[in-house]
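Here's a friendly walk through one protein chain, from its overall layout down to single residues. Keep the 3D view open while you read.

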Amino acid sequence: MARLTNWWKGISPRERMLVGAALLVGIIFVGVNYVFDPVYATYEQKRSQLDAREQLLKKYEHLSQTADKARQKLKRISTLEQAINQGLLAETNPDLANAELQGVVKELAKKAEIKFTRITPSKPEVENGFMMITLKLPFNGTIKQISKFLYELETAPQFFDISSLTIRTRRRDKRMLRVELEITAFIKAPEESANEENGSDNA
(Lines give C-alpha, C1' and ligand atoms only; values in the text may rest on other atoms or scores of the structure.)
Protein backbone atom coordinates (compact mmCIF):
# COMPACT_ATOMS: atom_id res chain seq x y z
CA MET A 1 0.00 0.00 0.00
CA ALA A 2 2.93 2.33 0.82
CA ARG A 3 4.52 1.60 -2.54
CA LEU A 4 1.27 2.46 -4.29
CA THR A 5 1.04 5.71 -2.32
CA ASN A 6 4.62 6.64 -3.10
CA TRP A 7 4.07 5.76 -6.76
CA TRP A 8 0.97 7.95 -6.89
CA LYS A 9 2.84 10.87 -5.31
CA GLY A 10 5.72 10.40 -7.70
CA ILE A 11 3.73 10.73 -10.93
CA SER A 12 2.79 14.02 -12.54
CA PRO A 13 -0.73 15.52 -12.41
CA ARG A 14 -1.20 14.67 -16.07
CA GLU A 15 -0.28 11.05 -15.43
CA ARG A 16 -2.65 11.00 -12.47
CA MET A 17 -5.44 12.24 -14.77
CA LEU A 18 -4.70 9.52 -17.30
CA VAL A 19 -4.62 6.84 -14.62
CA GLY A 20 -7.92 8.12 -13.21
CA ALA A 21 -9.49 8.08 -16.66
CA ALA A 22 -8.22 4.54 -17.23
CA LEU A 23 -9.64 3.42 -13.91
CA LEU A 24 -12.99 5.04 -14.76
CA VAL A 25 -13.09 3.28 -18.13
CA GLY A 26 -12.21 0.01 -16.43
CA ILE A 27 -14.93 0.44 -13.86
CA ILE A 28 -17.46 1.27 -16.57
CA PHE A 29 -16.33 -1.74 -18.64
CA VAL A 30 -16.61 -4.09 -15.68
CA GLY A 31 -19.99 -2.61 -14.72
CA VAL A 32 -21.42 -2.96 -18.22
CA ASN A 33 -20.14 -6.47 -18.89
CA TYR A 34 -20.48 -8.07 -15.49
CA VAL A 35 -23.33 -6.13 -13.89
CA PHE A 36 -25.57 -4.31 -16.38
CA ASP A 37 -25.54 -6.90 -19.19
CA PRO A 38 -26.50 -9.86 -16.96
CA VAL A 39 -29.17 -7.78 -15.25
CA TYR A 40 -30.55 -6.58 -18.59
CA ALA A 41 -30.47 -10.11 -20.02
CA THR A 42 -32.38 -11.37 -16.99
CA TYR A 43 -34.87 -8.52 -17.40
CA GLU A 44 -35.40 -9.34 -21.08
CA GLN A 45 -35.87 -13.02 -20.25
CA LYS A 46 -38.42 -12.23 -17.55
CA ARG A 47 -40.25 -9.84 -19.86
CA SER A 48 -40.40 -12.47 -22.62
CA GLN A 49 -41.74 -15.00 -20.13
CA LEU A 50 -44.31 -12.47 -18.93
CA ASP A 51 -45.40 -11.69 -22.51
CA ALA A 52 -45.73 -15.42 -23.22
CA ARG A 53 -47.81 -15.90 -20.08
CA GLU A 54 -50.04 -12.95 -21.00
CA GLN A 55 -50.62 -14.43 -24.47
CA LEU A 56 -51.39 -17.80 -22.92
CA LEU A 57 -53.75 -16.17 -20.44
CA LYS A 58 -55.57 -14.34 -23.26
CA LYS A 59 -55.87 -17.63 -25.13
CA TYR A 60 -57.34 -19.34 -22.06
CA GLU A 61 -59.72 -16.41 -21.53
CA HIS A 62 -60.89 -16.67 -25.15
CA LEU A 63 -61.37 -20.42 -24.81
CA SER A 64 -63.26 -19.89 -21.55
CA GLN A 65 -65.53 -17.28 -23.13
CA THR A 66 -66.13 -19.56 -26.13
CA ALA A 67 -66.97 -22.45 -23.80
CA ASP A 68 -69.34 -20.23 -21.79
CA LYS A 69 -71.11 -19.12 -24.98
CA ALA A 70 -71.37 -22.74 -26.13
CA ARG A 71 -72.84 -23.77 -22.76
CA GLN A 72 -75.33 -20.88 -22.86
CA LYS A 73 -76.36 -21.78 -26.41
CA LEU A 74 -76.73 -25.45 -25.47
CA LYS A 75 -78.85 -24.43 -22.47
CA ARG A 76 -81.10 -22.28 -24.68
CA ILE A 77 -81.46 -25.12 -27.18
CA SER A 78 -82.24 -27.58 -24.38
CA THR A 79 -84.85 -25.21 -22.92
CA LEU A 80 -86.40 -24.69 -26.35
CA GLU A 81 -86.44 -28.42 -27.04
CA GLN A 82 -88.08 -29.04 -23.68
CA ALA A 83 -90.72 -26.40 -24.39
CA ILE A 84 -91.39 -27.90 -27.82
CA ASN A 85 -91.71 -31.41 -26.39
CA GLN A 86 -94.16 -30.16 -23.77
CA GLY A 87 -96.29 -28.67 -26.53
CA LEU A 88 -96.49 -31.87 -28.55
CA LEU A 89 -99.24 -34.43 -28.26
CA ALA A 90 -98.35 -37.31 -25.95
CA GLU A 91 -99.05 -40.04 -28.53
CA THR A 92 -96.47 -40.79 -31.22
CA ASN A 93 -98.67 -42.99 -33.41
CA PRO A 94 -100.64 -40.86 -35.93
CA ASP A 95 -103.96 -42.67 -35.37
CA LEU A 96 -103.64 -42.52 -31.59
CA ALA A 97 -102.52 -38.89 -31.79
CA ASN A 98 -105.61 -38.10 -33.87
CA ALA A 99 -107.83 -39.65 -31.20
CA GLU A 100 -105.92 -37.77 -28.48
CA LEU A 101 -106.38 -34.46 -30.31
CA GLN A 102 -110.12 -35.07 -30.69
CA GLY A 103 -110.39 -35.77 -26.97
CA VAL A 104 -108.44 -32.61 -26.10
CA VAL A 105 -110.51 -30.27 -28.30
CA LYS A 106 -113.75 -31.81 -27.02
CA GLU A 107 -112.71 -31.11 -23.44
CA LEU A 108 -111.76 -27.54 -24.32
CA ALA A 109 -115.04 -27.07 -26.19
CA LYS A 110 -116.97 -28.19 -23.12
CA LYS A 111 -115.53 -25.26 -21.18
CA ALA A 112 -117.05 -22.94 -23.79
CA GLU A 113 -120.29 -24.95 -23.95
CA ILE A 114 -119.67 -25.80 -27.60
CA LYS A 115 -120.62 -29.02 -29.39
CA PHE A 116 -119.19 -29.97 -32.74
CA THR A 117 -121.59 -31.00 -35.47
CA ARG A 118 -118.89 -33.34 -36.76
CA ILE A 119 -115.11 -33.82 -36.60
CA THR A 120 -113.23 -34.50 -39.81
CA PRO A 121 -109.56 -35.54 -39.59
CA SER A 122 -107.20 -34.72 -42.45
CA LYS A 123 -104.36 -36.90 -43.67
CA PRO A 124 -101.28 -36.34 -41.47
CA GLU A 125 -98.42 -34.48 -43.11
CA VAL A 126 -94.73 -34.48 -42.23
CA GLU A 127 -92.65 -31.32 -42.21
CA ASN A 128 -89.26 -30.55 -40.61
CA GLY A 129 -89.28 -33.70 -38.50
CA PHE A 130 -92.81 -33.19 -37.15
CA MET A 131 -96.09 -34.78 -38.14
CA MET A 132 -99.07 -32.46 -38.32
CA ILE A 133 -102.38 -33.84 -37.06
CA THR A 134 -105.23 -31.70 -38.44
CA LEU A 135 -108.95 -31.63 -37.63
CA LYS A 136 -111.81 -29.72 -39.24
CA LEU A 137 -114.28 -28.63 -36.59
CA PRO A 138 -117.62 -27.11 -37.63
CA PHE A 139 -119.86 -25.81 -34.83
CA ASN A 140 -122.41 -23.16 -33.89
CA GLY A 141 -121.85 -20.63 -31.12
CA THR A 142 -122.23 -17.11 -29.88
CA ILE A 143 -119.39 -14.59 -30.00
CA LYS A 144 -118.80 -15.20 -26.30
CA GLN A 145 -118.60 -18.97 -26.77
CA ILE A 146 -116.28 -18.67 -29.77
CA SER A 147 -114.00 -16.25 -27.89
CA LYS A 148 -113.91 -18.58 -24.89
CA PHE A 149 -113.06 -21.60 -27.04
CA LEU A 150 -110.27 -19.76 -28.87
CA TYR A 151 -108.88 -18.61 -25.52
CA GLU A 152 -108.87 -22.19 -24.24
CA LEU A 153 -106.98 -23.31 -27.35
CA GLU A 154 -104.44 -20.53 -26.94
CA THR A 155 -103.76 -21.24 -23.26
CA ALA A 156 -103.72 -25.04 -23.54
CA PRO A 157 -100.38 -26.76 -22.82
CA GLN A 158 -100.33 -28.21 -26.33
CA PHE A 159 -99.27 -26.20 -29.37
CA PHE A 160 -102.21 -25.57 -31.69
CA ASP A 161 -102.04 -23.93 -35.10
CA ILE A 162 -105.33 -22.52 -36.36
CA SER A 163 -104.80 -22.80 -40.10
CA SER A 164 -108.33 -21.75 -41.05
CA LEU A 165 -111.19 -19.94 -39.31
CA THR A 166 -114.43 -18.99 -41.07
CA ILE A 167 -117.37 -17.34 -39.26
CA ARG A 168 -120.76 -16.81 -40.86
CA THR A 169 -124.06 -15.52 -39.53
CA ARG A 170 -127.15 -17.72 -39.50
CA ARG A 171 -130.42 -16.63 -41.11
CA ARG A 172 -132.74 -17.93 -38.41
CA ASP A 173 -130.79 -16.88 -35.31
CA LYS A 174 -128.51 -13.90 -35.76
CA ARG A 175 -127.00 -14.41 -32.29
CA MET A 176 -125.63 -17.82 -33.26
CA LEU A 177 -122.73 -17.93 -35.67
CA ARG A 178 -121.64 -20.74 -37.95
CA VAL A 179 -117.95 -21.53 -37.49
CA GLU A 180 -115.62 -23.63 -39.64
CA LEU A 181 -112.36 -24.18 -37.74
CA GLU A 182 -109.31 -26.08 -38.90
CA ILE A 183 -106.80 -26.83 -36.15
CA THR A 184 -103.42 -28.57 -36.25
CA ALA A 185 -101.43 -30.19 -33.45
CA PHE A 186 -97.98 -31.79 -33.69
CA ILE A 187 -96.14 -34.99 -32.84
CA LYS A 188 -92.61 -36.07 -33.59
CA ALA A 189 -92.62 -37.71 -36.99
CA PRO A 190 -92.21 -41.49 -36.89
CA GLU A 191 -88.79 -42.54 -38.14
CA GLU A 192 -90.07 -44.09 -41.37
CA SER A 193 -92.07 -40.93 -42.18
CA ALA A 194 -89.04 -38.73 -41.50
CA ASN A 195 -86.94 -40.93 -43.79
CA GLU A 196 -89.54 -40.64 -46.55
CA GLU A 197 -89.51 -36.86 -46.16
CA ASN A 198 -85.71 -36.77 -46.41
CA GLY A 199 -85.85 -39.01 -49.47
CA SER A 200 -88.31 -36.71 -51.22
CA ASP A 201 -86.20 -33.66 -50.34
CA ASN A 202 -83.08 -35.28 -51.78
CA ALA A 203 -84.95 -36.19 -54.95
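Let's begin with the parts list: the chain has five helices and five strands. Both are runs assigned by DSSP and numbered from the N terminus, with helices (H or I) needing at least four residues and strands (E) at least two. Going along the sequence, you meet them in the pattern α-α-α-β-β-β-α-β-β-α.

A quick word on where this comes from. This is a predicted model, so local features need pLDDT of at least 70 and side-chain atom pairs count only at pLDDT 80 or more, while totals for chains, interfaces and linings use all residues. Residues are numbered from 1 along each chain as its sequence is written, and side-chain values use heavy atoms, with hydrogens and water left out.

**How confident is the model?**

pLDDT is the predictor's confidence in each residue, on a scale from 0 to 100. The chain averages 78, and 68% of the residues score at least 70. Among the elements, strand 1 (residues 120-121) has the highest mean pLDDT, 94, and helix 5 (residues 191-202) has the lowest, 53.

**Inside and outside**

We'll call a residue buried when its relative accessible area is under 20%, exposed when it is over 50%, and partly exposed in between (1.4 Å probe, protein chains only). Of the 203 residues in the chain, 23% are buried. The accessible surface of the chain comes to about 15,500 Å², and 56% of it belongs to carbon and sulfur atoms. Those areas come from the Shrake-Rupley method with a 1.4 Å probe, and for residues only the protein chains shown count as cover.

Contacts here mean heavy atoms within 4.5 Å. Take the contacts with a separation of 6 or more: 63% of them are between residues 24 or more positions apart.

**The core**

A nonpolar core is a set of buried Ala, Val, Leu, Ile, Met, Phe, Trp, Tyr and Cys residues joined through side-chain atoms within 4.5 Å. Which members of the largest one touch the most other members? Out of its 28 residues, they are Leu101, Phe116, Leu137, Phe139, Phe149 and Phe160. Helix 3, strand 3 (130-141), helix 4 (143-155) and strand 5 (177-188) are the elements that give two or more residues to this core.

Zoom in on Leu101: beyond its neighbours within four places in sequence, Leu101 is in contact with Leu89, Ile133, Leu135, Phe160 and Ala185. Asn98 sits in helix 3 (residues 94-111) and counts as buried because its relative accessibility is 12%. Setting aside residues up to four places away, Asn98 touches Pro121, Ile133 and Leu135.

Now look at Gly141 in strand 3. Is Gly141 buried or exposed? Gly141 counts as buried, because its relative accessibility is 0%. Its contacts outside four places in sequence are Ile146, Arg175, Met176 and Leu177. Gly141 and Arg175 are 34 residues apart along the chain, yet their C-alpha atoms are separated by 8.2 Å.

Over in helix 4 you'll find Gln145, which counts as buried at 17% relative accessibility. Leaving out neighbours within four places, Gln145 is in contact with Ala112, Glu113, Ile114 and Met176.

**Charged pairs**

Side chains of opposite charge can pair when their charged atoms come close. A salt bridge here is a side-chain nitrogen of Lys or Arg within 4 Å of a carboxyl oxygen of Asp or Glu. By that rule the count is four, and the table shows some of them.

| Pair | Closest N and O atoms |
|---|---|
| Glu107 and Lys110 | 3.7 Å |
| Lys148 and Glu152 | 2.8 Å |
| Glu180 and Arg178 | 3.9 Å |

Glu107 and Lys110 both lie in helix 3, three residues apart, which is about one turn of the helix. Glu107 is partly exposed at 46%, while Lys110 is exposed at 57%. Lys110 is also 8.6 Å from Phe149, C-alpha to C-alpha, with their positions 39 residues apart in sequence.

Why are Lys148 and Glu152 about one helical turn apart? They are four residues apart in helix 4, so about one turn separates them. Lys148 is partly exposed at 33% relative accessibility, whereas Glu152 is buried at 8%. Together with Lys111, Lys148 and Glu152 are linked in a network of salt bridges.
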